[in-house]
Amino acid sequence: MLKYYKTVNNRLEELDDIEDGCWIEATAPTEAEISKLEHELSVDRDFIRAALDEEETSRIENEEGQVLIVLDYPVAERAVKAESKQRRSRFKKNRNADNEPFTYYTVPMGIIHTSNNVITVSLKSNPILEDFAHGVVKGFRTDFRTQFTFHILLRVAGKYLQYLKQIDKLSGLIESRLLSSMHNKEL
């Protein structure tokens, strides 16, 4: 699915089609949508495919005036919803205060800079980008590509810190339980 956004009068507005200075959000794009980006913006098809590869490593690549940034963003889901994702190599199970299991894992996201636009590419709905689209994040402009990218990176880093704090808190609780009781059940 392709969505188009542009900052107009310091407000983010959704557009009907691509314009200069807009942000294109590509979530699980179809072949037709990938072809549209390739033909209308001259985006390298391999840049889009790289962002859709679950095993892709984080990196920055520059080719023919376009920049690709591939990074992983963290996701936390209830284990019931995430059982199919347990085959991934990057996950950690924990439990929240209600003792319901959570699975933490990462998903790749691509940020592509063209001469006039920013394109974000994700395999699935991305809560970090949803914050931008729904106006939760203030003070960014889609036509300032580098600044916009830094805002995205800052939100990704914040999410990592949030989840690391949760994991650390849960690890501390488990450790204190183990120290107070050495029964097989706790181990």
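The protein contains five helices and eight strands, in a model that is predicted. Followed along the sequence, these elements come in the pattern β-β-β-α-α-β-β-α-β-β-β-α-α, so that, under the numbering from the N terminus, strands S4 and S5 belong to the β-β step that follows the α-α step.

That pair of strands is a convenient place to begin. Strand S4, covering residues 59-63, and strand S5 run antiparallel and are joined by five bridges, and within this pairing Asn 62 stands opposite Val 67 of S5. The two strands form a hairpin with two residues between them, where Glu 64 adopts a positive phi near 50°. Strand S5 itself, which spans residues 66-78, is mostly covered, since 10 of its 13 residues are buried, that is, under 20% relative accessible area.

From the hairpin the reader may turn to helix H5. This helix takes in residues 145-180, 36 residues in number, and reaches 53 Å from its first C-alpha to its last, which is close to the 52 Å expected at 1.5 Å a residue. Along H5 the buried residues include the aromatic side chains of Phe 148 and Tyr 163, and to these are added Thr 149, Ile 152, Val 156, Ile 167 and Leu 170.

Taken over the whole protein, buried residues make up 40% of the 187 residues. Of the contacts with a separation of 6 or more, 53% are between residues 24 or more positions apart. The protein exposes about 10900 Å², and carbon and sulfur atoms supply 50% of that area.

Key:
Residues are numbered from 1 along each chain as its sequence is written. This is a predicted model: local features need pLDDT of at least 70, side-chain atom pairs count only at pLDDT 80 or more; totals for chains, interfaces and linings use all residues. Side-chain values use heavy atoms; hydrogens and water are left out. Helices (H or I, at least four residues) and strands (E, at least two) are DSSP runs, numbered from the N terminus. The expected span of a helix is 1.5 Å times one less than its number of residues. Buried means under 20% relative accessible area, exposed over 50%, partly exposed in between (1.4 Å probe, protein chains only). Two strands pair if DSSP finds at least two bridges between them. Contact means heavy atoms within 4.5 Å. Accessible areas come from the Shrake-Rupley method with a 1.4 Å probe; for residues, only the protein chains shown count as cover.
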